[in-house]
Amino acid sequence: MVVHNAELRLPLTCLLLLLAGAKQSRDPAAATGCELRRKQSELNSFLWTIKRDPPSYFFGTIHVPYTRVWDYVPENSKKAFQESHIVYFELDLTDPYTISALTSCQLLPQGENLQDVLPRDIYRRLKRHLEYVKLMMPSWMTPDQRGKGLYADYLFNAIAGNWERKRPVWVMLMVNSLTEVDIKSRGVPVLDLYLAQEAERLQKQTGAVEKVEEQCHPLNGLNFSQVIFALNQTLLQQENLRAGSLQIPYTTEDLIKHYNCGDLNTIIFNHDTSQVPNFINATLPPHERITAQEIDNYFRRELIYKRNERMGKRVKDLLEEYPDKSFFFAFGAGHFMGNNTVIDVLRREGYEVDHTSAGQAISGKNQKMLSALSSTSPEYASYVISQELQQQAPKEEDEEEELLPHALLPESMDLLEKVEKKYKKKKKKKQQKKQRLRQFNDLWVRIEE
């Protein structure tokens, strides 16, 4: 499936809208005392383990090119991804329907154009700014992008094409993504999309906990006066940036440094997760500050808290539906930080969820097996170990039948007779084409039935 341009057309999952209102340090690495050249065990960790058998995992992502952060993701996080049976994302990033549904969601009703709905002054300023961006984009492109066949006209059309048919709130998001720093990062899959592509390559089962409409409709639910305020503020910010009279408190580079340093800064990651800027700042007159606060409250409630609740409950349902499967849930890092997180939802449902540091070992199959065997008899353990070894190195059918009796001591023959009937009933499943080797947990459950 061709998805190499998906990072150009996924507004909710790929825009970098980090215009936080509060003043913060311009050097987050210095603020956190972070040195990026560190040992593997000292790296950041955005991994949480859901304690069950087998374990499942939460992994916090950010919407930036994966090449900027992948080297700083600890090996145990990568191992958790590799060993999990099923990988779930917020949206199914490899499904063409996701792209088409997002595109449809952004459009004005049939027959309407942006010029018809926007105040004349804002429309003219918007058109002028987009003309500036189109003019500047060739100079923003990198040699590496051109070497990959990415050119300015193509990139501009991929991001801003058909802009006069878009709803104003989506135009506001689009304008925020048309900056020099963000343009230079285009053409490389963001971390979420890279993991989705890797999961497909490894033939893992994948899925999504949300539908496009659930992410899209809250944005379209903002009332018109609030949308106009947000678009006007966005244009003012961009115009001031062009004039050199404004410095953005948070940039894409800041986000990457925070992530690679493992700085769990709720403000910056929440803005990456909700995908909308924060318009609250001290320069606004009182009545505009109230509007900005209402917009911030609305997005926080609709795009973070309500989504966390919905996502957490769907994670719980998946864990209950597939108790013998290990899941890897890759969501925006902001869903795991602050208040009312996805983790909080799982804990309320009775699950134990622990943060997993970079140096902490991820339990492998053999470790699980030894732990489980410690509570049973030597005879029973001998039988189970023999079965596990046969799974790892399959033998011919007659050899397998010949080995089974020798795996037990004489006084345990009754046990084998009891389980043999059920074991044979399950045999067909083991012989299905391309079926994974059974985990020890599967065998344990079958014997204990």
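Patches are made of residues with over 30% relative accessible area and no salt bridge, where like charges are joined within 9 Å and nonpolar side chains (Val, Leu, Ile, Met, Phe, Trp, Tyr) within 5 Å. Lys and Arg count as positive, Asp and Glu as negative, while His and the chain ends are not counted. The model is predicted, so that local features need pLDDT of at least 70 and side-chain atom pairs count only at pLDDT 80 or more, whereas totals for chains, interfaces and linings use all residues. Residues are numbered from 1 along each chain as its sequence is written, and side-chain values use heavy atoms, with hydrogens and water left out.

**Exercise 1. Find the residues of the positive surface patch and the helix that gives its largest share.**

Step 1. The patch is formed by Arg120, Arg124, Arg128 and Arg242.

Step 2. Helix α6 (residues 120-140) supplies the largest share, three residues; helices (H or I, at least four residues) and strands (E, at least two) are DSSP runs, numbered from the N terminus.

Step 3. Arginine 120 lies in helix α6, and it is exposed, with a relative accessible area of 63%. Here buried means under 20% relative accessible area, exposed over 50% and partly exposed in between (1.4 Å probe, protein chains only).

**Exercise 2. Describe the surroundings of glycine 60.**

Step 1. Glycine 60 has its place in strand β2 (residues 56-61).

Step 2. With a relative accessible area of 0%, glycine 60 is buried.

Step 3. Leaving aside residues up to four places away in sequence, glycine 60 touches Phe46, Trp48, Tyr259, Phe331, Gly332, Ala333 and Phe336, a contact being heavy atoms within 4.5 Å.

Step 4. Glycine 60 and phenylalanine 331 stand 271 residues apart in sequence, yet their C-alpha atoms are 5.4 Å apart in space.

**Exercise 3. Work out which glutamates form salt bridges with arginine 310, and whether each is buried or exposed.**

Step 1. A salt bridge is a side-chain nitrogen of Lys or Arg within 4 Å of a carboxyl oxygen of Asp or Glu, and the structure holds 22 of them.

Step 2. Arginine 310 forms a salt bridge with glutamate 210, the closest N and O atoms being 3.0 Å apart. This pair links distant parts of the chain, since arginine 310 is in helix α16 (residues 286-321) and glutamate 210 in the loop between β4 (205-208) and α12 (212-220), 100 residues apart.

Step 3. Glutamate 214 also forms a salt bridge with arginine 310, at 3.6 Å between the closest N and O atoms.

Step 4. Glutamate 210 is buried at 6% relative accessible area, glutamate 214 is buried at 18%, and arginine 310 counts as partly exposed at 22%.

How values were computed
Accessible areas come from the Shrake-Rupley method with a 1.4 Å probe; for residues, only the protein chains shown count as cover. The place of a charge is taken as NZ of Lys, CZ of Arg, CG of Asp or CD of Glu.
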